[in-house]
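Student: Could you walk me through this structure, and start with how the chain is put together?

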Amino acid sequence: MSTLVKSADRTLAILDLLTEHRDGLTLTEVQRRLEFPKSSTYVLLMTMTARGFLEQDPDTRRFRIGIRLWQAGQSYVAINDLEKVALPYMETLRDTLNETVQLATLDGTDNVYIAKVDPDHHLRLASRVGVRLPAYATGIGKALLSQLDEDDLRDRFADTEFVRYTPQTVTSLPELVAAVRQARTHGYAIDNCEYTPGVFCVAAPLNGLRATTRAAISVSIPEVRKTPELIRRTIDTLCSTAHQLSLRLGYRDGAAPTTRRD
């Protein structure tokens, strides 16, 4: 049994077709080439135009790829560029602390891991690139959320069911708002075994990116290696690295961040 959604499949077919015809095609040309019913083709074209994924020339009536599709493509490029730029900083951070370092971006209410470097310890974080986790339950997620204004934060999580993964997990919107406020004040966020038992994490946001791109970097430490001295070194080194990487990404406030550990 096919799992394809017909209207979605047709929408993507139209995008594929118009990507190959940069000068655009008329409604009739699109309908004939794809052999779709004319009425549904018209509705799809109008919907995609209204959403900015297509645009229509008022004189020729031809449909072309629109600005929103270009913006979507730029977001993909930005994420890939971010990984390339960030990797040397992540490796230096890993070499300094000998702990797992990860890079993630924000997608709705989730953080999505886009890069990871491992230490040489046998005991290391069992995670992988491409995984998405609820941002409220991770340190890197709260660092990402600290880049949002409070109204945006509340809107995103208004209908969220806060699942308790461990006894330390944030389980309500007021609790999340408080944790994110603290992350903004301190310049970093902490995950004290909130998603994965036995794993302590410190994360800091990155600046200098496009307004629509949120990114953060984290260091994860197994509980068995966690000491006050290692936590202090991790916070200082991570925040310094995040600031240096932010400057590399175009951040213009040259003042080094001040961090609090109260």
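**Contacts, then one helix**

Tutor: In this chain, 57% of the contacts (heavy atoms within 4.5 Å) with a separation of 6 or more are between residues 24 or more positions apart. This is a predicted model, where local features need pLDDT of at least 70, side-chain atom pairs count only at pLDDT 80 or more, and totals for chains, interfaces and linings use all residues. Residues are numbered from 1 along each chain as its sequence is written, and side-chain values use heavy atoms, with hydrogens and water left out.

Student: How many helices and strands are there in the chain?

Tutor: The chain has eight helices and eight strands, which are DSSP runs numbered from the N terminus (helices are H or I, at least four residues; strands are E, at least two).

Student: OK, which residues are buried in helix α2?

Tutor: In α2, residues 27-34, the buried ones (under 20% relative accessible area, with a 1.4 Å probe and protein chains only) are Leu-27, Val-30 and Gln-31. They lie on the same side of α2, because the directions from the helix axis to their C-beta atoms cover an arc of only 95°.

Student: And what do the buried residues of α2 pack against?

Tutor: They pack against α1 (6-20), α3 (38-50) and β2 (63-65).

Student: Which residues meet between α2 and α3?

Tutor: Leu-27, Thr-28, Val-30 and Gln-31 in α2 meet Lys-38, Thr-41, Tyr-42 and Leu-45 in α3.

Student: New topic: what happens just after α2?

Tutor: There, Glu-35 takes a positive phi of about 60°.

Notes: Buried < 20%, exposed > 50% of the residue type's maximum accessible area, 1.4 Å probe, protein only.
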